[in-house]
Amino acid sequence: MDKKLRVGILGATGMVGQRFISLLEEHPWFEVVAVAASPRSAGKTYEEAVGGRWKMQKPMPEAVKKLVVMNVNEVDKVAAEVDFVFSAVDMTKDEIKAIEDAYARTETPVVSNNSAHRWTPDVPMVVPEINPEHYEVIKHQRERLGTKRGFVTVKPNCSIQSYAPVLTAWKEFEPVEVVATTYQAISGAGKTFKDWPEMVENVIPYIGGEEEKSEQEPLRLWGRIENGIIKKAEGPVITTQCIRVPVLDGHTAAVFVKFNKKPAKEQLIEKLVSFSGKPQELKLPSAPKQFIQYLEEDNRPQVHMDVNYENGMGISVGRLREDTVYDYKFVGLSHNTVRGAAGGAILSAELLKALGYIEAK
């Protein structure tokens, strides 16, 4: 494409905002032209506002260092600078809903990393390989908002990325019961070990609200559009436990599955490695060439070896074997701040652009 779309990042100084900035450096379609954050950061350069809190391994891109941080609450002012925005604001859910709707009403599409709108009936919550057809609900959302161009779309919780794609690949075998325990990295809480020293050599068996999200959000991904809203799927039944572990990046899941139609192990593996969707078909810039890899070694997947598979945009699966209580069990791994957060949102924006939902103003 000749001219890149102008991108704004709401909540640009936090960890997910930083991840957006890092991943968008030299993006072929998008250029970060506006960064917005709380009033206390507004007026400073991005470099000054972040200070010593840059948490990415790559250095801060030169192109954003001197951008002056805008006040995220000055919606019209920020919206005038951009074609669309990524949202990673740190506010209450009601405040997030209000501000994302406000940006949408300025005819600025919002691709959100936040959870606030995940259950708004006409807001699509999409993993691009799983349910891109849910973007069709945008036309109904625009009617509600009174917009022609503006809308809000969200990505699901990071914790489900390590098993929801797997279960989607196996849908023809009709999973009916799923038990999943996720072992979640501290970056999922926006932390590093420097910020959170009590996590060193520690495990915390509770992450507020995470289990409810992990059990219900896959059902919304597998849902259908009815009368202008998304109705979640009836099953499978999913029960989860979510545990915080001393890992910087990477959510691991230990999962047990019962099927209506029990397949052979070889069939399950074949479905995983051949699973692809619209991003692969359209060869989108951030799309993994192979979405899911299967690892035969007994000690894989491992965070150190596999979390960056396909630049953090792929899912790694291993230890698939028959179970004595359920039919099969496996271990999945995904990068929680790349595929599970900023990278997943960027892939969504690429798909929305390819499908004609996001254009230059």
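**Exercise 1.** Determine in what order the six strands of the open sheet are arranged, and which strands lie at its edges.

*Solution.* The six strands follow the order β10-β7-β11-β14-β13-β12 in an open sheet with mixed pairing, where two strands pair if DSSP finds at least two bridges between them. Strands themselves are DSSP runs of E with at least two residues, and helices are runs of H or I with at least four, both numbered from the N terminus. The edges are formed by β10 and β12 (292-295), each of which pairs on one side only. From one strand to the next, the twist averages 20°.

This is a predicted model, in which local features need pLDDT of at least 70 and side-chain atom pairs count only at pLDDT 80 or more, while totals for chains, interfaces and linings use all residues. Residues are numbered from 1 along each chain as its sequence is written, and side-chain values use heavy atoms, with hydrogens and water left out.

**Exercise 2.** Describe how β7 is joined to β11, and which helix packs on the sheet.

*Solution.* Strand β7 (residues 175-184) runs antiparallel to strand β11 (residues 251-259), and eight bridges join them; Thr-181 stands opposite Ala-254 in β11. Helix α8 (residues 210-221) packs on the sheet and touches β7 and β10, contact meaning heavy atoms within 4.5 Å. The direction of α8 makes about 145° with that of β10, where axes are lines fitted to C-alpha atoms, for helices over the stretch in contact, and angles run from 0 to 180 degrees between N-to-C directions.

**Exercise 3.** Establish whether Thr-240 is buried or exposed.

*Solution.* Thr-240 is placed in strand β10 (residues 237-244). Its relative accessible area is 8%, so Thr-240 is buried, the limits being under 20% for buried, over 50% for exposed and partly exposed in between (1.4 Å probe, protein chains only). Leaving aside neighbours within four places in sequence, Thr-240 is in contact with Tyr-163, Ala-180, Glu-211, Ser-214 and Glu-215.
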